[in-house]
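Could you walk me through this one, starting from the empty spaces inside and working out to the strands around them? Keep it relaxed, and take it one step at a time.

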Amino acid sequence: MANIIVPPGWRLPESLATPESVYWNRRRFIKGIGLGVAAVGLGACSQSSEGASSEGEEGVAVERPDHPLATIPDTPTRDLYPADASDRFTLDRPLTDRIVAATHNNFYEFTTDKDAVWEHTGPFQARPWTVEITGEVDRGGVFDVADLERQIGLEERLYRFRCVEAWAMAVPWTGFAFHELVRRVEPRSTARYVRFITFDRPDEAVGQREQDWYEWPYYEGLRMDEAMNELAFVATGIYGEPLPKQHGAPIRLVLPWKYGFKSPKSVVRIEFLQERPRTFWSDLRPDEYGFYSNVNPDVPHPRWSQSTEEMIGEDLERETLVHNGYGEWVADLYDAEVMRGIT
Ligand SMILES: Nc1nc2c(c(=O)[nH]1)N[C@H]1C(S)=C(S)[C@@H](COP(=O)(O)O)O[C@H]1N2
Ligand SMILES: [Mo]
């Protein structure tokens with residue numbers, strides 16, 4: 001069921017919106033979820049409303065979003081969206097369809113089933129939200145995401161995005177350069193690495209509750225010079241709106257020259273460290289996922305080639321680009337040894 005192509009409702013006249021609701025309802029029926037009458041109208045696409053409450057498989061009331069874009073959380077910063085687009089980042093390919101991107105997600109805290117992540121995000125409380133910044137900094141503390149959005153200001157950037165599984169997309173993110181945040185917390189000269197930690201809320205995320213073979217919470221890391229690079233972006237929105245939960249609401253990293261797993265979602269803590277931190281996927285499979293994990297067509301994954309990528313929602317293979325095409329910004333950060341290995 002990957003790569004679902006559903007025409008976005010807001011581009012359709014009302015009369016043509018029906019097949020979409022029929023589609024989603026049929027899908028729920030097939031999965032035995034039992035939300036037989038949920039209608040997905042045009043309204044769901046532009047509202048931040050949460051879906052209806054219904055009986056789950058075991059008769060427990062659970063919140064299920066009615067539509068992938070109904071998972072956009074209520075946010076006090078809605079007036080900041082859409083933000084002005086930056087002209088510094090251009091794409092060599094069309095934007096990915098918004099619904100395709102919203103229904104093809106890796107967010108293992110919920111499920112490993114990419115097309116069903118959004119459906120499992122109902123109980124997840126993405127606002128209000130704070131990020132704690134600690135470690136080798138002089139002005140750390142606890143920061144409210146809404147305050148950060150207002151104080152730093154938002155811009156839109158069009159980026160390519162490449163998952164290590166060889167699928168790719170091209171999307172407009174909204175947010176700010178990570179270095180803007182780093183500057184504000186005044187790192188000490190001893191800060192050589194940054195570590196990111198995602199939420200740990202088994203009550204709100206069924207994948208954390210049921211997949212206990214993973215080491216929750218998700219943790220990632222960067223070298224300080226990578227973190228300070230202009231490309232390293234903090235996304236709070238996508239397609240001109242606040243992030244839907246399945247994309248990592250309300251705040252996530254986007255590192256477009258690295259494989260997607262280096263871009264942690266729904267971050268709750270950022271630590272500045274002297275030593276290189278361990279990372280979630282390297283701990284699980286050190287032979288397959290390294291610390292650097294820069295996009296590189298010449299270094300195959302042990303189980304598949306990385307020389308091409310499939311654009312989701314398009315029946316189209318493209319050549320993988322070194323650093324995902326962002327060498328102009330990041331190539332000088334790396335020596336030959338880093339570029340040769342999967343580390
Ligand atoms: N917390 C968390 N962040 C995560 C992941 C995850 O499972 N948990 N998956 C990563 C992977 S493998 C990818 S490809 C991207 C997917 O981002 P998207 O769903 O917004 O396209 O999120 C990354 N960030
Ligand atoms: Mo990924």
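The lining of the second largest cavity in this predicted model breaks down into eight nonpolar residues, no polar ones and one charged. Going through the names, you'll find Val131, Phe178, Leu181, Val234, Ile251, Leu253, Val267 and Ile270 there, along with Arg252. Arg252 is the charged member, because Arg counts as charged while Val, Leu, Ile and Phe count as nonpolar. The space itself comes to about 40 Å³. As for where the walls come from, helix 5 (178-185), strand 11 (252-254) and strand 12 (267-273) each put at least two residues into the lining.

That cavity has company: the structure holds three of 30 Å³ or more. The largest one contains about 180 Å³ of space and has 20 residues around it. If you want to find its centre on screen, look for Tyr259, Ser293, Asn294, Gly341 and Ile342, which lie nearest to it. Its lining is a mix of 11 nonpolar, eight polar and one charged residue.

Now back to strand 12, which also belongs to a sheet. This sheet is open and has five strands, in the order 4-3-12-7-8, with mixed pairing. Strand 4 (141-144) and strand 8 (219-223) sit at the edges, each pairing on one side only. From one strand to the next, the twist averages 20°.

Two helices are worth placing against this sheet. Helix 4 (residues 145-152) packs on it and touches strand 3 (130-135) and strand 4, with its direction at about 75° to that of strand 4. Helix 5, which we met at the second largest cavity, lies across strand 3, strand 4, strand 7 and strand 12, and runs at about 65° to strand 12.

Let's finish at the strand 8 edge. Strand 7 (residues 193-198) and strand 8 run antiparallel, joined by five bridges. You can check the register with two pairs: Ile197 stands opposite Tyr219, and Arg195 stands opposite Gly221.

So is strand 8, an edge strand, buried or exposed? It is mostly covered, with five of its five residues buried. In a regular strand, side chains alternate between the two faces of the sheet. Here Tyr219, Gly221 and Arg223 are on one side, Glu220 and Leu222 are on the other, and all of them are buried, so both faces of strand 8 count as covered, with buried meaning under 20% relative accessible area. That goes for the charged residues Glu220 and Arg223 too.

Conventions: Residues are numbered from 1 along each chain as its sequence is written. Chains are lettered from A and ligands numbered from 1 in the order in which they are written. This is a predicted model: local features need pLDDT of at least 70, side-chain atom pairs count only at pLDDT 80 or more; totals for chains, interfaces and linings use all residues. Side-chain values use heavy atoms; hydrogens and water are left out. On a 1 Å grid over the protein atoms alone, a cavity is a set of points where a 1.4 Å probe fits but cannot get out, and a pocket is an open set with protein on both sides within 12 Å along at least five of seven lines; lining residues have an atom within 4 Å of a point. Grid points are joined across faces, edges and corners, and a volume is the space filled by probe spheres set on the points. Helices (H or I, at least four residues) and strands (E, at least two) are DSSP runs, numbered from the N terminus. Two strands pair if DSSP finds at least two bridges between them. Axes are lines fitted to C-alpha atoms, for helices over the stretch in contact, and angles run from 0 to 180 degrees between N-to-C directions. Contact means heavy atoms within 4.5 Å. Buried means under 20% relative accessible area, exposed over 50%, partly exposed in between (1.4 Å probe, protein chains only).
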